[in-house]
Amino acid sequence: MNSRFKFLYLNLLLLFSLSGKAQEKITIGEKQIISSTILNEKREIWIHLPKTYNDPGINPAKYPVIYLLDGEINFDYYTGMSDFLAKPPYADMPECIVVGIKNTERTRDLTPTKSQKKSPVNPDVVLFSDSGGSENFVRFLQEELKPFISKNYRTQNYSVLAGHSFGGLFAVNVLLTHPEYFNAYVANDPSLWWDQKVLISKTKEYLEKNKKFPMHKTLYVSQANNEEQNKNWNSDMTHAIEEFKEIIEKSGSLNYKHHFFEDEVHGTVSYPGNYDAMKFIFKGFRTDIKKLSENPKLLEEDYARFSEKAGTVFSPSETYLNTILKFMKNNGFKESENYFLNLKNRLYPKIK
């Protein structure tokens with residue numbers, strides 16, 4: 001066999017041997033179908049579990065849950081982003097279960113009142129005629145979806161609601177009408193212009209009646225540079241978000257952040273907004289692993305401070321403690337290594 005045919009033969013052999021092997025798939029989530037009595041329809045839910053969820057080498061843990069609106073748009077990037085932000089030793093947030101909620105009738109579910117608007121492109125076209133069903137949708141979340149997630153997955157008593165545009169409008173409305181349903185709310189470029197700025201009026205009424213929001217609640221609002229994109233279509237949105245910002249900042253009763261993204265437009269702001277929101281919501285979660293070698297007690301002190309701020313008890317994960325132990329061992333910090341080994345055994349008894 002000459003060298004040319006020998007080369008071809010070896011390549012074909014390699015090709016067939018590779019094609020004969022089972023390909024291991026990389027998956028980011030699973031799909032569940034929930035039959036909703038409240039909405040009278042079936043809803044498709046996408047669920048992403050943290051990388052450690054099924055790790056046999058650690059004790060089964062419970063995880064906070066992020067409820068992500070417009071799941072079909074946001075789920076793919078959000079799951080990778082949350083995994084990245086939760087990766088030790090520089091985790092800015094705990095590992096979370098992400099629940100992406102796919103739309104059926106988006107305008108119906110996410111808007112708080114029945115309202116219509118003429119199209120800015122063609123005034124003869126009336127938009128949003130199916131609006132005003134958000135109270136039913138929030139009942140679906142609270143009474144059907146959240147119990148389903150808690151029953152079928154290991155969840156911690158901490159949840160985040162994240163939405164964009166109408167989803168941001170919905171998140172703000174849930175904060176005003178049912179603030180106890182979630183611990184933190186994310187509203188990316190929320191459509192607060194809706195129905196003559198009805199939620200601006202509702203925010204004023206809420207604060208006049210209650211004086212302040214419940215303790216330990218967090219709200220993050222991002223704002224795109226909509227004026228630069230289309231002055232006629234987006235000026236109402238810009239003015240409403242800025243008016244809302246002034247009211248909330250004046251009240252001083254929320255853990256609140258507003259971030260204006262100069263280089264983003266309405267359609268692109270949710271990605272950087274969600275990234276920034278998670279870092280803000282969980283600010284104080286990250287610890288400095290290098291400082292722990294000199295002051296091991298700092299870890300528990302940091303988590304105690306963060307838990308007080310969040311209103312929920314958070315503890316260092318077993319995965320993070322394993323990372324700390326490896327760092328201490330590799331760098332010869334024997335005393336600190338023993339301290340964290342005792343802490344790990346106390347928090348996470350050995351699997352029998």
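**Exercise 1. Get an overview of the protein.**

Solution. Of the 352 residues of the protein, 50% count as buried. Buried means under 20% relative accessible area, exposed over 50%, and partly exposed in between, with a 1.4 Å probe and protein chains only. The model is predicted: local features need pLDDT of at least 70, side-chain atom pairs count only at pLDDT 80 or more, and totals for chains, interfaces and linings use all residues. Residues are numbered from 1 along each chain as its sequence is written, and side-chain values use heavy atoms, leaving out hydrogens and water.

Next, the secondary structure: twelve helices and ten strands. These are DSSP runs numbered from the N terminus (helices H or I, at least four residues; strands E, at least two).

Last, the contacts, meaning heavy atoms within 4.5 Å. Among those between residues at least 6 apart in sequence, 73% join residues at least 24 apart.

**Exercise 2. Trace the sheet: what is the strand order, and which strands are the edges?**

Solution. Start with the order. The open sheet of eight strands runs S1-S2-S4-S3-S7-S8-S9-S10, with mixed pairing. Two strands pair if DSSP finds at least two bridges between them. The edge strands are S1 and S10 (255-261), and each pairs on one side only. From one strand to the next, the twist averages 20°.

Now add a helix. H4 (residues 134-152) packs on the sheet and touches S1, S2, S3, S4 and S7 (155-164). The direction of H4 makes about 125° with that of S1. Axes are lines fitted to C-alpha atoms, for helices over the stretch in contact; angles run from 0 to 180 degrees between N-to-C directions.

**Exercise 3. Compare two strand pairs.**

Solution. Take S1 (residues 30-36) and S2 (residues 41-48). They run antiparallel, joined by seven bridges. Ser35 stands opposite Lys42 in S2. The hairpin has four residues between its strands, and Asn40 takes a positive phi near 60°.

Then take S3 (residues 63-68) and S4 (residues 97-101). They pair in the parallel sense over four bridges. Here Ile66 stands opposite Val98 in S4.

**Exercise 4. Place Ser222: is this residue buried or exposed?**

Solution. First, locate Ser222: strand S9 (residues 218-224). Second, check its cover: the relative accessible area is 0%, so Ser222 is buried. Third, list contacts beyond four places in sequence. Among them are Ala187, Asp189, Pro190, His259 and Phe261. Finally, look for a polar partner. The side chain of Ser222 makes a polar contact with that of Asn188 (2.7 Å). Such a contact is a pair of N or O atoms within 3.5 Å; within protein, one must be able to donate a hydrogen and the other to accept it, and residues adjacent in sequence count only if both atoms are side-chain atoms.
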